[in-house]
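Good morning, everyone, and thank you for making time for this. Please have the sequence and the structure open in front of you while I talk.

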Amino acid sequence: METLIYSLPLRLIGTLILVGWSVKVGEQAFFSTNRFRLSYPTVLGISFLLFVLFRCVYAENREQNVDNSTWIASALTIGKASDPLHTLFNYADGRPLAILPLALVEVVGIPVDYRVTNFICVLLWCLTLWLFGRILNRYLDAKITAVLLWLPMLLLSTLSKHDFISFNTEVTGNLWLILALFLILRLNPRSSMGALGIGFWLGCLPFVKFQTVPMGLVLGLLAGWKLFRARQFGSLLGLLAGAVLPVALLVGYYASFDELDAFWGDYFSNYFVYSYTTEYSSLSAASRFSPIRIAKFVFYSHRTLGYWFGMLGGILVATWMYLRRPMVGSAAQKERLWFGFGWFLASLYAVLQAGNDYYHYLLFLIFPSLFLGSVFYGLIDLAAARKGLIVVGGLVLLQAIVNGVTRIPLDTHPGEPLFQAISTEIRNRSQPDEGLVVWGYLDRLYGYARRPMGYRASNTFWVYFPSSTREFRERQFLEDLEHNRPRLFVDAISPRISVFSDSTYYFERFPAINAYIRQHYQLVKTIEDVRIFERKPPVITN
């Protein structure tokens, strides 16, 4: 089947279908013709249908990105847990709300694999884009909205072997942000409960993804300004109270288990060190935000070059045109412009701050760039705006054509036979609900073997990587092993198969961990250079 769908004839047919639909969407927006006119809901429905179809047809049941395996491991662990809520908070790498959709699927009994996560990812994209379209339609012609929504769908329909198309927490993060903006724009300033609800929603952002906090602050300022301008100070207090409520509730929850140190370590100190120090990135603060680094990062991939060149280039040109000859816009237009720039800059800051060039971070730039483009469309000369949007659409279409024609299947990892052998051994030596710990960075083993995590992270990177939090992580690792007593401990710290592997990261280099493993586990199998340890039976004393 894979050979068939990636054959040149089918790639050409698929690309022609997307090109034909792109032309139709553009024709309705920019050219006066009565030929086969379609309503906005019809255009949007067909766009979604094509997007889902192409993403599902080319979905492969293989790891696109190591993070994808991380979230599968967390989801199946939550699904097998006796206390799913406590497990959700503690076994989701500090991002419980981001993986909640996957966890819910597991809880209802549907095994989550790479194809299932891809399908959920596509559905989340569709929901986010639909909500974003509702926002744009408040001030934009529906035909132009349809064009803007189709641009990211067109790109994502043709990408392969890319960070952008695997399930990442940026996908849930974007949905959370767009829904917040949708609610803010519909907020009745007199409704203190509505303001409280929006504040609560924004206050949850650190538990979706810590990286979304800067964008959440901008959204909070927009909501606060709306309430302040209406002189609804009671609602403003409700907004602020709602924003701190999620943290207060989670602190109370962790305090009830006497686990406040875990709350602080998992949700805040770890990500502060990751983002605001040089422990995980050697780049200085100035280097992280340098124009050269921004250009190299954004335009790194030849698979998205045309999209970003069109979108960001269009925004720069529109900004220059607006500053050169400002048009008198309404107060609402100016407010949208200032908010758009604030949202975009906050997103760019969030993308760059950590100093790591993980390409899926750029997913956070898709919606603010589209929003800014939509605002400028109504502020600059209409003829120039139409021509500019046609050029941007043409560049995205050209990128999609290149991607579609040259689409190739995801490479099979050279270690796949070894992964399968290890997974088979894990299944043979443990029951479905018995825990597994993998020493190294090989998260896919949990999904392959369908075994829950015996340690709160699906890999031990935070434990062995030298950082100021390592002592805390090592203590937490040993506590989890003692509490969960996982059946198997797999030492997979091999450069051939494990990301971030080095001889200095062997578990024997950590005296406390080495002593615990020697005391409680015994070596039962070696497959190539991967060692499998099984927990020793408890000693029965009279």
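I will go through a sheet and the helices on it, then one helix by itself, and finally two residues in loops.

Please keep in mind throughout that this is a predicted model. Let me start with the sheet, which is open and has four strands in the order S1-S2-S4-S3, with mixed pairing. As general background, strands of a sheet pair through backbone hydrogen bonds, and they can do so in a parallel or an antiparallel way. The edges here are formed by strand S1, residues 436–439, and strand S3, residues 521–527, each of which pairs on one side only. If you compare neighbouring strands of this sheet and ignore their direction, they are turned by 20° against each other on average.

Looking at one pair in detail, S3 and strand S4, which covers residues 530–535, are antiparallel and are joined over six bridges. Within S4, the residue that stands opposite Thr-526 is Arg-531.

Which helices lie against this sheet? Helix H20, residues 416–429, lies across S1, S2, S3 and S4, and runs at about 145° to S3. Helix H23, residues 470–484, also packs on the sheet, where it touches S1, S2 and S4, and its direction makes about 150° with that of S1.

Now let us turn to helix H8, which takes in residues 142–158, 17 residues in total, and which reaches 25 Å from its first C-alpha to its last, close to the 24 Å expected. Even so, H8 has a kink of about 25° at Trp-150, shortly before the proline Pro-152. At the N-terminal end, H8 is capped by Asp-141, which places a side-chain oxygen 2.9 Å from the backbone nitrogen of Lys-143. Is H8 mostly covered or mostly exposed? H8 is mostly covered, with 15 of its 17 residues buried.

I would like to finish with two residues that have a positive phi although neither is a glycine. One is Asp-258, with phi near 60°, and you will find Asp-258 in the loop between helix H12, residues 233–256, and helix H13, residues 260–276. Asp-258 has a relative accessible area of 70%, and it therefore counts as exposed, since the cut-off is over 50%. The other is Glu-528, whose phi is about 55°, and this brings us back to the sheet, because Glu-528 sits in the loop between S3 and S4. With a relative accessible area of 55%, Glu-528 is exposed as well.

Definitions and conventions. Residues numbered from 1 in each chain as written. Predicted model: local features only at pLDDT ≥ 70, side-chain atom pairs only at ≥ 80, totals over all residues. Heavy atoms only, no water. Pairing = 2+ DSSP bridges. Helix = DSSP H or I, 4+ residues; strand = E, 2+ residues; numbered from the N terminus. Axes fitted to C-alpha atoms, helices over the stretch in contact; angles between N-to-C directions. Contact = heavy atoms within 4.5 Å. Expected span 1.5 Å × (residues − 1). Bend = angle between axes of the 7 residues up to and from the residue. Buried < 20%, exposed > 50% of the residue type's maximum accessible area, 1.4 Å probe, protein only. Polar contact = N/O pair within 3.5 Å; in protein donor to acceptor, adjacent residues only side chain to side chain.
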